[in-house]
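Q: Please take a close look at one part of this model and then at its surroundings, stating the cut-offs behind each term as you go.

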Amino acid sequence: MDAQNTIVINGNELPFTPGETILQVAQRNSIPIPTLCHLKNATPTGQCRICVVEVKGARSLVASCAAPAAKGMVVLTESPKVIEARRLVLQLMLSSGNHNCAVRVSDDQEWSRFQLDVNQYDQSNELCPVWGDCELQHLAYQYQVSAERFPRTDVPYPMEDINPFIVRDFSRCIKCGRCVQACNDVQVNNAISFGYRGTDTKIIAAEDKPLKNSECVFCGECVQACPVGALVEKNARYRVRPWETKQVRTTCSYCGVGCQLNLHVKEGKVVKVTGVEDVAPNYGSLCVKGRFGFDFINSEERLTTPLIKEDGEFRKASWEEALSLTAEKLGAIKQTDGPDAIGVLTSARVSNEDNYVANKFARAVLKTNNIDHCARL
Amino acid sequence: MTNTIGDLEEADVILITGSNTSENHPVISSYIKRAVKFNGTQLIVVDPRRIKMTTFASHWLRQNLGTDVAWINGLMHVIIQEELHDKAFIDSRTKGFEELKAMVEKFTPEYVEEITGIPAQQLIDAARLYAGAKNAAIVYCMGITQHISGTDNVKSLANLAMLTGNLGNAGGGVNPLRGQNNVQGACDMGGLPNVFSGYQPVTSDAVIQKMEAAWGVTGLSNKVGLKVTEMIPKALEGELKALYIIGENPLVSDADLNHVVKGIDNLDFLVVQDIFMTETARAADVVLPSACFAEKDGTFSNTERRIQRVRKAVDSPGEARDDWWITTQIAKRMGVDMDYENAEAIMAEIAQVTPSYGGITYDRIDFEGLHWPCPTADHPGTPILHKGQFPIGRGNFHAIDFTPPAESTDEEYPLYLTTGRVIYHYHTGTMTRKSEGLNERVPENFVEISSKDAKAFGVSDGDTIEISSRRGKISAVAKVCTTAVSGTVFIPFHFAESAVNMLTSAALDPVSGIPEYKVCAVKLAAAQ
């Protein structure tokens, strides 16, 4: 091993390539370091301080997401000092808003005054909308902290839910800035940024306008990036819990980018869509249609039975009846007017398998090459 | 695309033309915007509208509608004049350079300015930037193809890339963005009148013999069939008697709709297979309900030729069935057995008869899709086409002269109209207009108009106005905005009740048969 380029993490000597951060070296070697503000493929901000590690010889703890690995560095990722620092960060975050997961007040069997207050604020009789799907909650459990160490701070800004897609709940925002990076560095829609200062800090759109009056195009990259319950899909909020759903990976059916998405299915219905991370072509990114435009699947207007027109009106028919009639009519026209009197329009919307079968049907069954689709339109 | 989507971040210069990328391919636009923001990539946008991407561009060239061959020839004129072309690439990999050189001779920046309205100096600057880049990518979309000169436009862009050696290199290439999820796949699978799957020509005896053997049939036709834009006139003339339409809505999406309606009405038999009662389905004799993407297994091939899995997540409603199942059931009743156990079995047959898909199996593409050509089971796929060599040997330069669009403005119809999509809706709106949220963002049709034109025609923002062309009229709400450039208005085509294709011209590109959606002449009036 080239001693020039190795560091020691928790006693393990590990190689690194110059420019790699401590966090990257650790992650590559499956050494867990918790993160909150860190967003993959974006410039580290070191905002949240949860990823701090102890570096031998350094005067204070170091944010591993931003600190480059250096030759001979000796790093401890879970030393008592590190754990104490992380607990403090978590305690401060938990005290600042409506984090009404069970960990906030851990011992009491009863619902606390605080939880009841938050329920009222949320107009819900359930715990936080991202309970069980929250990185802050997960870390609070891991490091066994509750929020009782610090007095609760007031919720500084009201919730924004006046757009059709995204609820912005500032009471649960930990100001990690992941959403800002998702918007500015990943999608580059440049719609949101940090506004105001100090304890007044708020993630703002334009000059602190509602999202719908800003540059926002509702791609939802920020929602997917949010580690807590500050940004949640409006239609899924309090309606969809991760343990109630199964996820099925598929390919988006809108434009030709072919984004990989997960359909979240609850009780036989698609209730939420997220982008599949770490895989081409979209690496988790989606647009407003891919993420929020799935209502049509469950639409009442879907065709559910074959229909045959009689005297200008449609009536329901069985598959046998509709298929036989179609075969009979096409067969008769082929017989009397020849195969080229029939045309097939296949579709840029259906699968390769569907298209291949349509192509075979036109050519091998009808015996015509009159087949096309809307590529030109 | 000759290159991949991810490859765009490798480009030193990106030229976007005829693509409103941030609205129609938002995720691809992010790749381009990141390249500009973080990699120092320079962006040239050539577009008649002040689209969002122009704000990321160092150069925005605003051409008159339908004048693309002229500015592309103009760029090549400057590049050759200033000897910025890639002589080694031209010598070793192309033919026809002298003819091209002779053709672009007359396309001086001044002459191009006369035709396109692009100031001569802007053209020169853009030419130097594009040709000076180590790797320059061209990105285009329907703004290039939906013209009577669509094929010429595409060939001209290919000329430009070859002239500067930008084919077969990472960060280069000629990259059409496909507008629909599986338009690439529909073409690959033989959903075209002249080719079987994998672009094997129907006119080749060898191919016919191969397919007859594979399918166990005889008498396959070797006569090129009708394009969609030829089927409608044939229906009107009574030569085409029946149409089987799968997942298409030509009664909203096609140009010159009055004409289309008449053609469809004149059919003896129309069967439509769809997920909704579309405008086209309403005209049918038989409607067959099909499963949507979330309800089926299969594959889509994306704009970068990547074959990706589609997986069933939920059951289809009622009796709706997979499209392929429905088609095979009709076949069976016409005496041809086309049974498949499932979609995977169809892919096995596709791989067998389609050379470019020969190595594709569901197992191989389970985690990440592969780019065709992928001829064998151990072939890694082909992310970048034309590396080292073109399939035809040497790349052909096409010497192409400028031809003006089919329609121009006059005293009665003084404004140009161009059409397209908006980010919140998709195509004819059958899917997106079922979404409350998307409808809330863009609830109704609109006409985008510059403040100068609005003033000249006495139109205010929010007015409902009537827009007429030589073929029809519709009404829509005026949206006075900076995206529109004076002299040209824009209307999206998502709205059946106010269908812009009542206005558009059905003049076709003679080769591809694409209608000229992007140019027609209109007038405005206050709504009655």
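A: In this predicted model, an open sheet of 3 strands in chain A has the order β10-β11-β12, with antiparallel pairing; strands are DSSP runs of E with at least two residues, helices are runs of H or I with at least four, both numbered from the N terminus, and two strands pair if DSSP finds at least two bridges between them. Because β10 (246-251) and β12 (269-275) of chain A stand at the edges with a single partner strand each, one side of each has no neighbour in the sheet. On average, neighbouring strands of this sheet are turned by 30 degrees against each other, direction ignored, with axes as lines fitted to C-alpha atoms and angles otherwise running from 0 to 180 degrees between N-to-C directions. Between β10(A) and β11 (residues 260-266) of chain A, which run antiparallel, there are 6 bridges, and A:V248 has A:L263 in β11(A) as its bridge partner.

Turning to enclosed space, the structure holds 9 cavities of 30 Å³ or more, a cavity being a set of points on a 1 Å grid over the protein atoms alone where a 1.4 Å probe fits but cannot get out, and its volume the space filled by probe spheres set on the points, which are joined across faces, edges and corners. The largest encloses about 400 Å³ and is lined by 31 residues, those nearest its centre including A:R349 and B:D274, where lining residues have an atom within 4 Å of a point. In chain B, α13 (250-253) and β10 (269-274) each supply at least two residues of that lining.

Residues are numbered from 1 along each chain as its sequence is written, and chains are lettered from A and ligands numbered from 1 in the order in which they are written. Local features need pLDDT of at least 70 and side-chain atom pairs count only at pLDDT 80 or more, while totals for chains, interfaces and linings use all residues, and side-chain values use heavy atoms, with hydrogens and water left out.

How values were computed: On a 1 Å grid over the protein atoms alone, a cavity is a set of points where a 1.4 Å probe fits but cannot get out, and a pocket is an open set with protein on both sides within 12 Å along at least five of seven lines; lining residues have an atom within 4 Å of a point.
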